[in-house]
Amino acid sequence: MPSWIPSLACASCRRPLELDANNLPAQASACRYCGARFSHHRHVFRFLDADHHTRRLLQTTEGGLMEAGYRRPNRLLSKLRRIISSEYFPGKDWRRAKAQTLANPGLKLIIGSGITRYEDAVHLDIDDFPGVDVVGDAHHLPFSDDSFAGVVCEVVLEHVRAPQQVVAEAWRTLAPGGHAFFIVPFLFPYHGHPADFSRWTHEGLAQTFAAFEPVTVGIHAGPCSAMVNLLSEWGYVISGLPYPRGYTLIKGGLTAALFPLKFADLAVNRFPEARRLASTLYVHAIKPQTTAPK
Ligand SMILES: [Zn+2]
């Protein structure tokens, strides 16, 4: 039985579901306290109805492209993109922060996991992409308070309607001493995966995690990554071509021409004011052992 099943709670009233590991519920079930429905099939739990507004976004052009990328990943394209892309992440600090979060003993929650899997973790996303354990809404996490030693959420917060609520849910479900590791975009073009609502400066990110202590904010992808991304995106926009066909052509072509510039971030990320133009930022925040009311 997956180790995270006892941590499951009603997404609506937050009371523990108290599931019997040897007698998991049949496909459709309801919370015994409030009646909120959920379903279960082969250790994948669903807390989002098909008509939930977030799931309806998967039917848009951008949502469909995101889903296709997860359902039928193109390995060759992924390999190429690792080099021929606008993003370069040379920093040691963010890697150390993420490693510390994942190494904190106990269960970890991955919010918006896509098709990425981690050891000793439960993986939540808005649909049952390969590797997802729980189909749920990050604004209403279906887990009990103090369940996790770590919460990891990489370039997902810009895609939720109320990011502060998602951070509050990370706080609620983290045990005291638990680590949060988030990556968010700052100077990064619009990308509907499946929708795109927000951006953060380093100050805004620290403010969003103000309840935690300590909070460290730093560069994930730097100014040269941002420049490659913005220039190639600008080239696409002024081409006037429709999305997504013209995008693949122009954005892809310009990225292929400009991507070597991103490697300058190896030096530039260390410059004192580099974060003024960062592409993406990370935050590493710890829920204190003793907590004052938030
Ligand atoms: Zn309930």
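A residue is called buried here if 20 or more other C-beta atoms lie within 10 Å of its own, exposed if 12 or fewer, and partly exposed in between. By that yardstick, 39% of the 294 residues of the chain count as buried in this predicted model. The chain's secondary structure comes to 9 helices and 10 strands. Its radius of gyration is 20 Å, close to the 19 Å that the globule rule gives for 294 residues, so the chain is as compact as a globular protein of that length. The C-alpha trace spans about 55 × 40 × 30 Å along its principal axes. As for how the chain meets itself, take the contacts between residues at least 6 apart in sequence: 70% of them join residues at least 24 apart.

The sheet comes next. Its 10 strands form an open sheet with mixed pairing, and reading across it gives the order β1-β2-β3-β6-β5-β4-β7-β8-β10-β9. The edge strands are β1 (28–30) and β9, each of which pairs on one side only.

Starting from the β1 edge, β1 pairs with β2 (residues 37–41) in the antiparallel sense, over 3 bridges. One of the matched pairs puts Ala-28 across from Ser-39, its bridge partner in β2. The hairpin of these two strands has 6 residues between them, and Gly-35 there takes a positive phi near 85°. On the next step across, β2 is joined to β3 (residues 44–46) by 3 bridges, and these strands also run antiparallel. Here His-41 has Val-44 in β3 as its bridge partner. This second hairpin leaves 2 residues between the strands, and Arg-42 has a positive phi near 50°. Elsewhere in the sheet, β4 (residues 108–111) and β5 (residues 121–125) run parallel and are joined by 4 bridges. Within that pairing, Ile-111 stands opposite Leu-124 in β5.

At the other edge, Val-215 sits in strand β9. Val-215 has 17 other C-beta atoms within 10 Å, so it is partly exposed. Leaving aside residues up to four places away in sequence, Val-215 touches Ala-206, Phe-209, Val-283 and Ala-285. Val-215 and Lys-287 are 72 residues apart in sequence, yet their C-alpha atoms are 9.3 Å apart in space.

Strand β9 (215–221) also turns up in the surroundings of helix α7: what covers the buried residues of α7 includes this strand, α8 (245–258) and α9 (265–268). The helix itself (residues 223–239) has 17 residues and reaches 24 Å from its first C-alpha to its last, close to the 24 Å expected at 1.5 Å a residue. Its buried residues are Pro-223, Cys-224, Ser-225, Ala-226, Met-227, Val-228, Asn-229, Ser-232, Glu-233 and Tyr-236. After α7 comes Gly-240, with a positive phi near 75°.

The loop between α7 and α8 holds Pro-244, and the peptide bond from Tyr-243 to Pro-244 is cis, with omega near 5°. Another cis peptide bond joins His-193 and Pro-194, where omega is about 5°. Pro-194 lies in the loop between β8 (174–185) and α6 (202–208). Most residues other than glycine have a negative phi, and most peptide bonds are trans.

Two residues in the segment before β1 also call for a look at the backbone. Arg-14, found in that segment, has a positive phi of about 70° although it is not a glycine. Glu-18 is found in the segment before β1 as well, and its phi is near 50°, again positive in a residue other than glycine. As to surroundings, Arg-14 is partly exposed because 19 other C-beta atoms lie within 10 Å. Glu-18 has 10 C-beta neighbours inside 10 Å and therefore counts as exposed.

One more proline is worth a mention. Pro-260 is placed in the loop between α8 and α9, and with 13 C-beta neighbours inside 10 Å it counts as partly exposed. Pro-260 and Arg-96 are 164 residues apart in sequence and 25 Å apart in space, C-alpha to C-alpha.

Conventions
Residues numbered from 1 in each chain as written. Predicted model: local features only at pLDDT ≥ 70, side-chain atom pairs only at ≥ 80, totals over all residues. Expected span 1.5 Å × (residues − 1). Contact = placed C-beta atoms within 7 Å. Pairing = 2+ DSSP bridges. Rg over C-alpha atoms; globule rule 2.2 N^0.38 Å.
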